[in-house]
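User: Could you take a close look at one part of this structure for me, the smaller details of a single chain, and then show how that part fits with what surrounds it? I am new to this structure, so please go step by step.

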Amino acid sequence: MPTFVYMTRCDGCGHCVDICPSDIMHIDPVYRRAVNIEPNFCWECYSCVKACPQHAIDVRGYADFAPLGHSVRVLREEEKGTISWKLKFRDGREKEFVSPIRTTPWGSIKSPSDYEVPSIEALNDQELAHEPEALNIAALPGPPPPMKNKKRKKKS
Amino acid sequence: MGLFSSRKTIFVDSDVLVIGGGFGGCGAAYESRYWGRDLKVVIVEKANIERSGAVAQGLYAINCYMGMQWDENQPEDHVRYARNDLMGLVREDLGYDIARHVDSSVHKFEEWGLPMMKDPETGRYQREGKWQIMIHGESYKPIIAEAARKAATETYNRIMVTHLLMDKKKKNRVAGAVGFNVRTGDYYVFQAKAVIVAAGGASHIFKPRAVGEGMGRTWYAPWSSASAYALPIQVGAKMTQMENRIVLTRFKDGYGPVGAYFLHLKTYTENVNGEEYESTWYEDTKSLVGDYIDRHPVPTCLRNHAILREVAAGRGPIRMVTKEAFKDPHKETVGWENFLGMTIGQAVVWASQNIDPKEINPELTTSEPYVMGSHATCSGAWASGPEDYAPDDYQWGYNRMMTVDGLFGAGDTIGGTAHKFSSGSFTEGRIAGKAAVKYINDLGRDEPEVDETEYENLKAVVFQPMENYKIGRNEIVGGTVSPSYLLPIHGLQRLEKIMDEYVGGIGTTYMTNEWGLNKGLEHLTMLEEDLEHIGAEDLHQLQRTWELKHRHLASVSVTHHTLFRKETRWPGYYYRGDHPKLDDKDWHCFTLSRYDAQSGEWEMEKAPVHHIID
């Protein structure tokens with residue numbers, strides 16, 4: 001399909017519709033539940049799967065080349081800051097993986113307007129916001145070092 | 001206008017308008033706000049910036065990081081690397097500029113909460129390769145989107161921008177953009193003093209290897225619909241290196257990445273007989289490109305070339321030797337998490353086909369071509385360089401401004417700057433954002449103004465495909481076949497077939513020639529006429545229609561550029577059969593094009609490649 005939605009789990013909340021980068025998760029007008037309307041434009045990016053509060057969305061690999069019987073399930077827990085994967089092979093073998101997703105609280109990033117206002121003159125310099133401090137070196141590198149072998153400069 | 005009068009038009013005023021909320025756009029919004037505290041910064045995005053762009057599903061590595069704080073690399077080293085990989089042709093001024101700033105972007109990502117892997121002995125970022133550092137990047141995009149949302153005055157999700165608007169008074173100056181909301185169908189007119197195009201490059205302009213459901217599993221995201229190029233091309237911005245499409249060697253079917261496998265897991269490739277094959281083709285490659293084959297690392301296209309030759313000789317497929325490395329449980333974990341972090345579809349393929357790389361050496365394949373500007377390729381708009389050292393003919397005012405006044409770009413949009421990847425695209429957005437604020441400051445009261453006639457005319461053009469469908473649908477009983485309209489998927493499949501067969505796709509093993517390119521242009525012209533008859537059943541199909549139109553315009557540009565460059569500069573990416581060798585005498589240059597929307601003509605010219613770094 002690649003993503004599909006289980007009828008008994010979906011409550012039609014629309015989180016998947018809201019997040020899908022490909023605009024292929026829509027609410028079915030008859031069943032009032034989500035459906036993948038264009039499986040051949042699905043990247044299997046799992047954005048909808050991760051966003052579904054009911055765990056109602058799963059993936060069946062592309063019919064062109066993925067034999068049935070596999071599953072790749074995911075649980076993304078923002079509060080814990082982790083993502084957990086469970087793979088099941090067609091022959092039944094399983095593998096599990098857990099990774100961190102974020103080291104700071106959600107919503108904690110400072111807006112650029114929370115920093116001190118830069119001077120008007122600085123607009124004409126080459127430094128970008130937070131430079132040179134954020135480079136962790138003394139100064140932003142200036143122009144590249146002069147060429148030793150001028151012959152390479154080509155005027156075509 | 002009676003037909004469209006029921007559609008609401010919504011006007012949005014802005015100072016800086018950022019089109020596309022991927023990495024380039026998020027960087028542009030952040031920096032615009034930092035320098036322009038009182039400016040109205042607006043992001044417009046066709047999906048939802050929380051998960052949009054090429055990094056929607058995450059990344060497992062940041063591929064552009066200098067490590068200047070530890071003296072690992074200097075910016076000039078990165079220019080040499082990118083220049084070597086692109087067979088000599090990059091905008092060294094632009095590349096150096098990204099490289100000198102990129103570390104500060106990456107350090108902010110870490111501060112914002114991106115989990116970086118660290119080398120347990122040195123405490124430094126864990127290197128995957130000379131330029132790559134490893135991350136747990138499942139939430140890379142949501143983290144960057146949080147910073148961008150806080151920076152922007154307003155973020156408009158689910159609006160597909162179709163056209164830029166030009167200033168009513170001054171020629172060749174941008175004044176805004178129009179588009180439509182894919183949920184409500186409202187028409188949006190954005191007025192802006194400066195516009196930063198940070199839209200996506202192009203997947204799905206060449207026929208993909210999988211043409212059923214699997215057509216969605218392209219290497220680059222299926223939602224990368226060439227708006228990066230179509231928007232500037234429509235208003236006459238000069239483009240460069242559009243012939244420089246990229247072909248990726250990846251794991252078969254899922255197009256799972258190989259970078260971590262080569263660089264970190266130290267796996268290697270062999271032919272079907274278990275033999276090393278690259279040296280077999282050394283003399284052959286040398287006869288085509290001369291001493292470029294002797295450079296280190298071997299350019300990406302030339303490694304593809306050896307694979308193509310070996311497979312054509314009957315010793316394919318090429319396979320990745322993973323069995324040894326995957327005996328180490330740490331490496332096995334890295335190998336799988338690498339996919340789960342950025343190409344989940346490859347894990348799905350391996351699970352479904354019982355491929356455990358501990359036991360089976362998986363197959364590789366070469367992908368269909370893509371046109372983009374941030375990976376090992378550099379198609380895009382011709383842009384002004386940094387003020388402090390860009391050569392005179394690369395500098396006409398503001399950094400990253402295109403050849404249209406007030407029109408800036410970042411990421412896939414800007415040409416000549418290969419190997420910027422996620423961090424470099426964000427950084428280029430920051431560079432463009434600061435320059436746009438400077439441009440606006442200098443404008444004073446000389447503000448651009450949108451032209452009512454122009455945006456009203458475009459309103460009819462934008463929604464015409466829905467009218468086509470409504471009228472044509474009454475003629476037929478049902479189904480997908482109509483004598484008066486084509487569906488967007490029909491047009492897309494025709495585009496992909498033309499590009500595949502005439503412009504060097506997988507069907508010809510990336511081969512083309514002058515006759516084929518001219519024939520391709522003929523078919524693309526007929527397709528352009530037919531695109532006036534696309535029928536869009538609903539707003540979703542209207543989005544697909546405009547994506548198709550953007551892909552088509554980019555494809556015409558690619559074809560003109562491929563025709564103009566009479567050499568084979570990047571064997572392994574594509575071949576001009578009538579000019580099979582690299583020709584530094586005549587073609588050590590950039591190709592530039594300018595499209596005139598009035599006449600429909602394409603002007604082609606050469607621009608010099610200035611080497612400013614040894």
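Analyst: Let us begin with chain A, bearing in mind throughout that the model is predicted. The secondary structure of chain A consists of 2 helices and 7 strands, and, read from the N terminus, these elements follow one another in the order β-α-β-β-α-β-β-β-β.

Turning to overall dimensions, the radius of gyration of chain A is 25 Å, whereas a compact globule of 156 residues would have one near 15 Å. Along the principal axes, the C-alpha atoms of chain A fill a box of roughly 65 × 45 × 35 Å. Of its 156 residues, 34% count as buried, and among the contacts in chain A with a separation of 6 or more, 41% are accounted for by residues 24 or more positions apart.

Chain A also meets chain B, in a contact to which chain A gives 73 residues and chain B gives 83 residues. On the side of chain B that touches chain A, the largest share, 8 residues, comes from helix α3 (residues 92-112) of chain B. Sorted by class, that side of chain B has 35 nonpolar, 25 polar and 23 charged residues.

Beyond this contact, the surroundings include the largest nonpolar core, which has 228 residues, and those with the most contacts inside it are B:Ile19, B:Ala148, B:Val195 and B:Ile196. Helix α11 (residues 421-443) of chain B supplies the largest share of this core, 9 residues. To follow one of these core residues, B:Ala148 touches B:Gly21, B:Cys26, B:Ala29, B:Tyr30, B:Ile43 and B:Ile49, when residues up to four places away in sequence are not counted.

Chain B also offers a pair of packed helices to examine. Helix α13 (residues 488-502) of chain B packs with helix α14 (residues 514-531) of chain B at an angle of about 170°, their axes lying 9 Å apart. Because angles over 145 degrees count as roughly antiparallel, α13(B) is roughly antiparallel to α14(B). On the α13(B) side the contact is made by B:Gly491, B:Arg494, B:Leu495, B:Ile498 and B:Tyr502, while the residues of α14(B) that take part include B:Gly516, B:Leu517, B:His523, B:Leu527 and B:Leu531. By class, the contact of α13(B) with α14(B) has 7 nonpolar, 4 polar and 3 charged residues.

How values were computed: Residues are numbered from 1 along each chain as its sequence is written. Chains are lettered from A and ligands numbered from 1 in the order in which they are written. This is a predicted model: local features need pLDDT of at least 70, side-chain atom pairs count only at pLDDT 80 or more; totals for chains, interfaces and linings use all residues. Two residues are in contact if their C-beta atoms, placed from the backbone, lie within 7 Å. Helices (H or I, at least four residues) and strands (E, at least two) are DSSP runs, numbered from the N terminus. Ala, Val, Leu, Ile, Met, Phe, Trp, Tyr, Cys and Pro count as nonpolar, Asp, Glu, Lys and Arg as charged, and the others, Gly among them, as polar. Axes are lines fitted to C-alpha atoms, for helices over the stretch in contact, and angles run from 0 to 180 degrees between N-to-C directions. Angles under 35 degrees count as roughly parallel, over 145 as roughly antiparallel, 65 to 115 as roughly perpendicular and the rest as oblique. The radius of gyration is taken over C-alpha atoms; the globule rule is 2.2 Å times the number of residues to the power 0.38. A residue is buried if 20 or more other C-beta atoms lie within 10 Å of its own, exposed if 12 or fewer, and partly exposed in between; C-beta atoms are placed from the backbone. A nonpolar core is a set of buried Ala, Val, Leu, Ile, Met, Phe, Trp, Tyr and Cys residues joined through C-beta atoms within 7 Å.
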